[in-house]
Amino acid sequence: MKKQIDNIWIGQQDLTNDEEFINSAGKEFAQDQVEYYDMPAHLSGNRRDFLKFLGFGLGAATIAAGCDIPVKRAIPYVVKPEEIVPGVANYYASVYVNGGDYCPVLVKTREGRPIKIEGNDMSSITNGGTSARAQASVLSLYDTNRFTGPKEKDGASWVESTWEKLDGLIRAKLNGAKAIRVVTNTIMSPTAKKALEEFTTKYTNAKVVTYDPVSSSALLDANQKNFGIRAIPSYKFDMAEVIVSFDADFLGTWISPVEYAAAYAKGRKITNAEQPKMSRHIQVENHMSLTGSNADNRILVKPSEQGVAIAHLYNEIAGGGMSTSGLNDRAKQNLSKVAKELKAAAGKSIVVSASNNVNEQLMINAINNALGNFGTTIDWSKPSYQRQGNDADLKTFATDLKAGNVDFVIFWGANPVYDSAYGTDIAASLSKAKTSISMALTNDDTTDLCTIVTPTTHYLESWGDVEAKKGSFNIIQPTISPLFDVREAELSFLIWANSEGIDKTKDQPYYEYLKENWKNTVFKSQSEFGSFQGFWDSTVHDGVFEASVSSGPAYSSAEIGSNITKPATSELEISFFETVHMGNGQFAGNPWLMEMADPVARTVWGNYLAVPVNFDGVRTMVGLNDLKDGDLVELTIGDMKVVLPVIQQFGQMPGTVALALGYGRKMAGNTGSNVGVNVNGSLTMGADGPQYFNTNVSVSGKVGKEKDFSCVQYHHTIGVRGIDAETNKEINVDESALVFFDYFTGVKGFQGALTDRSVIYTSNVKDLKNSIEHLHEKRKEAQHLNEQQIYRGYDHLYTLGHHWGMHVDLNACIGCGACTVACMSENNVPVVGKHEVSIHHEMTWLRIDRYYYGDVENPNTVYQPMMCQHCDNAPCENVCPVNATNHSSEGLNQMAYNRCIGTRYCANNCPYKVRRFNWLDYTKADLWPINQPRLQEESIPFGADNLTRMVLNPDVTVRSRGVIEKCSFCVQRIQEGKLTAKIEGRPLIDRDVRTACQTACPTGAITFGDLNNKEGDLNARMESPLNYIVLEETNVRSTVTYTMKVNNRDQSFDA
Amino acid sequence: MSAVVSRIREPLITGNKTYHQITEDLVSPTEKTPTKEWVIGFIIAVSVLTFGVFCIIWTIWVGIGAWHLNRTINWGWDITNFVWWIGIGHAGTLISAILLLFRQKWRTGVNRAAEAMTIFAVLCAFLFPIIHMGRVWLAFFIMPYPNTRGPLWPNFNSPLLWDVFAISTYFTVSVLFWYTGLVPDFATVRDRAKGLRRKIYNVLSFGWTGSAKHWQRWESLSLVLAGIATPLVLSVHTIVSFDFATSVIPGWHTTIFPPYFVAGAIFSGFAMVLTLMIITRKLLHLEDYITIEHIESMNKVILLTGTMVGIAYLTELFIAWYSGYVYEQFAFFNRALGPYWWSYFGMMFCNVVSPQFFWKKSWRRNITLTFFLSIVVNIGMWFERFVIIATSLARDYLPSSWSLYSPSWVEIGIYVGTFGLFFTLYLIFVRVAPVIAIAEIKHILKTGGDQYVGENAPHHHHHSESHS
């Protein structure tokens, strides 16, 4: 049998090779005569043909459908780096530095990509706090506008060049140059300074010109006179009982805001509600600044009155005899009261000023000296180097350049064409210098006019060091290889100077140089470490090194000249201010910062003229010249005329307007170019440098309407009090202003419409006891109502295991917005652009609501970080038709993006309005790129390119168009924390899980934790009698707790 | 059916019609070449529909961002239009079901068109919950179908899911009801038709022969369907109102919504029936079948339901005040006096004030006024839904998130497009089916024809006979 298998025959015909049989064998039904239906010739075919066609068709369709899907590259390591475990983040200590901006950070990297900035809590200066700028800096690393290599200008266009070619060319030109100028912003790096010194030693006709985009030159000069050192002392706001600030935005932008904010908040938190103690903060300003908004009392003076305001305080405290004519009476009265308060708190107070007038700063020093603050609240033993700019130097440079006396300029990270008061002059005469080199990261207004670009590295690609304060050292270490053909600026200087310290054969020559310098300097100044390698490794690891410092210089009085700012008589004055997110334009190219809402005005994508607002006594909030939010006006400053939108600004002094610096850059990449208006050319030139105001200003009436008025908050108050013109009684004027049409009945609004909401509770520190009683009554009532419900809830489910919750201390929150940017960075929150924000399509998971309360003319402010409240009886969950949002057993309100079909019912039903919908393909995640929205007119939409996408956090899903998203309590971090605890075999503690907003916060306002962990940090916070739950009476059972906002306002100031 | 007719009843069929004349009058529109008015109307309707389709494709292509909804106001014109169209549908069901059970004979003049209107309106309505989804291609997630994801079911707690069931049930029953009524009429058309047309109508009429058994079954089915449809008149809009009533948003979270929505739905539905019938009777010369008596009857319903709606509005205001709850109080204060005061004013005027004209008999019987007010009422009812949806959302709990909203051209285009859809279907309907139920109108000829009742009828008292 077996033999026959090779040649099977199944019948006698087969065996005999019957011809007919063989012919029919190929047919389907060989045995029978199959009758096919009559078919047209072109349709002939049988079942097998049909199957063939079907198979082919299916195959072809499959291939055709499959072939256009973009190929995603995933390349495994050939040799896996030892420290990288896929899926596990590595943290490296480094320092965020941008000019004088400083923040020691930990850089979170995933698979070799830096993706997130965290604060370095080993730093004695920032203690782990961060700023919005530091948080956003990681995005600048992946900026598609970055220079990809050195370039040379050929006519009007840039052409690629090579480092070898340019180094030779530059060295040759340096040798022949008459006058070389290196223009920089503040440099805090000792090694960079050494490199520059080598450069200026080699080229003796080279000078370094340092300036700051927003100048603190007069402060430095005054300190030089009083203390013999051109630096800034350490202000200890935590130790001050009375803080007086003349226009210094020390919580937002002035010198070292992260450091100050943390210390300030310490003095503002209510730790003992029985005997509450908090500092008094008086801000003297015309515009509602971030710092002013946190103040207890604001004394309104016009910008030109700042000098005499300081002089008045100086006269009262230090017994000076300065003229104070021109100071408004109310300010005079109140400043006298402030003087009394300060004297009562002598040695426990701080007076600061942002004035750029040396005499005014000398008066401030004299006041602090008279109060005995030096050595107590103001410490000179560790002076800060965070501002080093010298306006006189810059002025000389501009003059020399104009005169044609400078033939070689190097701009290192500085953009004076845009951000200095001499911008126009520098721009016009830069061509007089034969060679102009820019060491910028991206093209900017200055670089665009230069002849050579030798791009420097982003700080996340660089080696470097920082000495922000005397003896406080940090190492900047790279967290990724340079993405492009770029080189540390320091290295360029050393190469051009033919430095002997540079060994070009080394892989990282500047690293060797840095190390060598540290070996000779910092290492020698310490005794803790015996070997340099041990010292170096430890410092690089920690990112910080504290050297011991001796005591600082003592105050010696200096003659105070009479040349202070003279009060102007003009009807209107304008002040220019720096914002947290834009600086003076340095951050305009960063989409996260561009879309970060201004903490005070809540506007994005542009600078809006802040105009004073008042109540008409009936029911309208009237802006200057009857202007309303979003109206376009023509602003005339001197001979500059611009058309720009306005925003009604509560707390803006009548007779003044204000405008943010930092906008209107011509060259700031896809994001920052031509957004807003540039006013750097309109600064008043004072004797000591630019003054950030102008008195020759006029504002027209409405000339149009801003096309995309972008303000994320339309309603600004939680009720402000004023006088009803008819009854002459004090009413809540904003509640009157809620009426649009009264049917000719004279209805005056609904008193209590805002103030009776359980959104914000405020109290004066003196009334705290009563206010707490009132709060508890309200809470009891709400809880009583909630108990009457037939809904029993599922609270018992959350008593076991973890139950995540959050506490937000409104007395610590200063509104700086670091958390909002951190949240965007951590959770891949998309940037949507101006138009989208203008129709309220912003995607922020975490926002800081800002409400004014109190006096309509001079209100107080409360900031309320608002994110998903993770309600245990969440109204969003029961309305979703497809169960896309649901509750975890740990009390988290979760989103299953894949399940979401986008009915948006949940977003409607959210009382906190924290749910965000992907209206368009904001993340550029769709398969077809045809409908990708753009931020500006960029050719490749922001985020659609592989470079920008490197910043995405791989632990967080990128959401597609048409789904809802919202705060997840950083569920990825919760998961990580749980794993950490599990691996270490111990119960989880609150510190294992810290949300992105919590770690970013410089003031510790946010505490996240497990409500079931009775010993945890969160439960410690939950004991405060100031706590409340927003909208408690709705019975949604929010797990986020806020504290009552307490102020220390002196009502007598309003009289 | 008893044929005792009160002497004060006015005739429901005028013109001394015979059974044959009725057939002629009602079938002939399906047999003649379309009139110029019809052709122009059809071209306009299809053009508008095309634009609507374009806007829908645009929305799906670009994303819901093509609309001007925002993070605060997540529903706007879309759901407003949805509720509005659904509401309009209610008159048809009420006329065909409840009026049938109540033996209201005047319903026969308008029930066919009203039922057609219901179906077309429900189609227009159903469009909105579908296209308002961010990911419409996953719309099937809302269906409870067996699946391998667990299985993962929809959320039976969600009013949106209840909507799915309510509306699909409503649509199915409405279509059945409508079609059942059409069967004998299609047979009538068939009997007069030739060739292909005859074949088609033969299929459509399910081979109706007019035997007594057919009529008996037909009557029974109509009654059963009326029984099923009657609760739907109340339930569908009740469930639609749950979309709002079960939420936590002040102005939405209201127990009065179910009856208030049902009354409003009938109110707007009758207004729409009037708008349509006044045009139809004119263009198809059906004045003998849709008489002033019919119009007056419907105006009475409008007066009644309009006043009910008015009472609901006032009750809402009272309860808001009485609640002592600041959010509720402000929601209503804001509706009336806030930035959208004009829509509240429009709602109050159109829905509460304008129907009050119908207290006067001569105005109830005035066709021009009726036509005008029927449109006013529908504008008012649209405002009502806009007021409830948009103004409640615009200023809810947290003042920081208050927002404003005005539609984009796409949203307006889709709304206009649904009119195109509605009228395209309606115009096709008047060409292929008798606009008035022939069988049913013949049924009431002896009790409603002007040769038998009313002023012109011969006054002999025993004309009435029994009809089975």
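Two residues are in contact here if their C-beta atoms, placed from the backbone, lie within 7 Å. Keep that cut-off in mind as you go round this predicted model, which scores ipTM 0.92 and pTM 0.90.

**Stop 1: where the chains meet**

Begin by colouring the two chains separately, and look at the side of chain A that touches chain B: 55 residues of chain A are in contact with 48 residues of chain B. To find your way on the chain A side, select strand E34 (847-855), helix H26 (875-879), helix H27 (905-908) and strand E38 (916-917), each of which supplies at least two residues of the side that touches chain B. If you then colour this side of chain A by residue class, you will find 29 nonpolar, 15 polar and eleven charged residues.

**Stop 2: the confidence of each chain**

Now colour the model by pLDDT. Chain A has a mean pLDDT of 90, with 95% of its residues reaching 70 or more; select residues 1-5 of chain A, however, and you will see a stretch where the pLDDT is below 50, and which has zero contacts in the model beyond near neighbours in sequence. Chain B also averages a pLDDT of 90, and 95% of the residues score at least 70. In chain B the stretch to select is residues 462-468, where the pLDDT is below 50 and where the model has ten contacts beyond near neighbours in sequence.

**Stop 3: the nonpolar core**

Which residues have the most contacts inside the largest nonpolar core? Select A:Ala309, A:Ile367, A:Leu609, B:Phe267, B:Phe270 and B:Val273, which have the most contacts inside this core of 444 residues. Helix H8 (residues 257-283) of chain B gives the most to the core, with 15 residues. On the chain A side, domain 2 (151-210 + 390-469 + 471-546) and domain 3 (222-384) both give residues to this core, so the core lies between them.

Stay with one of these core residues, A:Leu609, and show what surrounds it: leaving aside residues up to four places away in sequence, A:Leu609 touches A:Val633, A:Leu635, A:Leu644, A:Val646, A:Val657, A:Leu659 and A:Val699.

**Stop 4: two helices of chain A**

Select helix H7 (residues 190-202) of chain A, and use the distance tool on its end C-alpha atoms, which are 18 Å apart; this agrees with the 18 Å that its 13 residues should span at 1.5 Å a residue. The buried residues of this helix are A:Thr191, A:Ala192, A:Lys194, A:Ala195, A:Leu196, A:Glu198 and A:Phe199. They pack against strand E6 (180-184), strand E7 (206-210), strand E17 (464-469), helix H17 (489-496) and helix H18 (509-520) of chain A.

Next, select helix H24 (residues 818-827) of chain A, which is mostly covered, with ten of its ten residues buried. Among these buried residues are A:Cys819, A:Cys823, A:Met824 and A:Glu826. Just after the helix comes A:Asn828, whose phi is positive, near 55°.

**Stop 5: three glutamates**

Is A:Glu773 buried or exposed? Find this residue in helix H23 (residues 768-787) of chain A; A:Glu773 is exposed, because 12 other C-beta atoms lie within 10 Å, and a residue counts as exposed at 12 or fewer. From A:Glu773 to A:Leu797 there are 24 residues in sequence and 31 Å in space, C-alpha to C-alpha.

Move on to A:Glu512, which is found in helix H18 of chain A and counts as partly exposed, with 15 C-beta neighbours inside 10 Å. Apart from residues up to four places away in sequence, A:Glu512 touches A:Asp503 and A:Lys506.

The next glutamate is B:Glu440, in helix H15 (residues 438-443) of chain B. Although B:Glu440 and B:Lys105 are 335 residues apart along the chain, their C-alpha atoms are separated by 9.1 Å.

**Stop 6: backbone details in the loops**

Select B:Pro151, in the loop between helix H4 (107-131) and helix H5 (159-192) of chain B, and look at the peptide bond that reaches this proline from B:Gly150, which is cis, with omega near -5°.

End with B:His285, in the loop between H8 and helix H9 (292-323) of chain B. B:His285 has a positive phi of about 55° although it is not a glycine, and with 12 C-beta neighbours inside 10 Å it counts as exposed.

Conventions
Residues are numbered from 1 along each chain as its sequence is written. Chains are lettered from A and ligands numbered from 1 in the order in which they are written. This is a predicted model: local features need pLDDT of at least 70, side-chain atom pairs count only at pLDDT 80 or more; totals for chains, interfaces and linings use all residues. Helices (H or I, at least four residues) and strands (E, at least two) are DSSP runs, numbered from the N terminus. Ala, Val, Leu, Ile, Met, Phe, Trp, Tyr, Cys and Pro count as nonpolar, Asp, Glu, Lys and Arg as charged, and the others, Gly among them, as polar. The expected span of a helix is 1.5 Å times one less than its number of residues. A residue is buried if 20 or more other C-beta atoms lie within 10 Å of its own, exposed if 12 or fewer, and partly exposed in between; C-beta atoms are placed from the backbone. A nonpolar core is a set of buried Ala, Val, Leu, Ile, Met, Phe, Trp, Tyr and Cys residues joined through C-beta atoms within 7 Å. Domain bounds come from an automatic or database domain assignment. pLDDT is the predictor's confidence in each residue, from 0 to 100.
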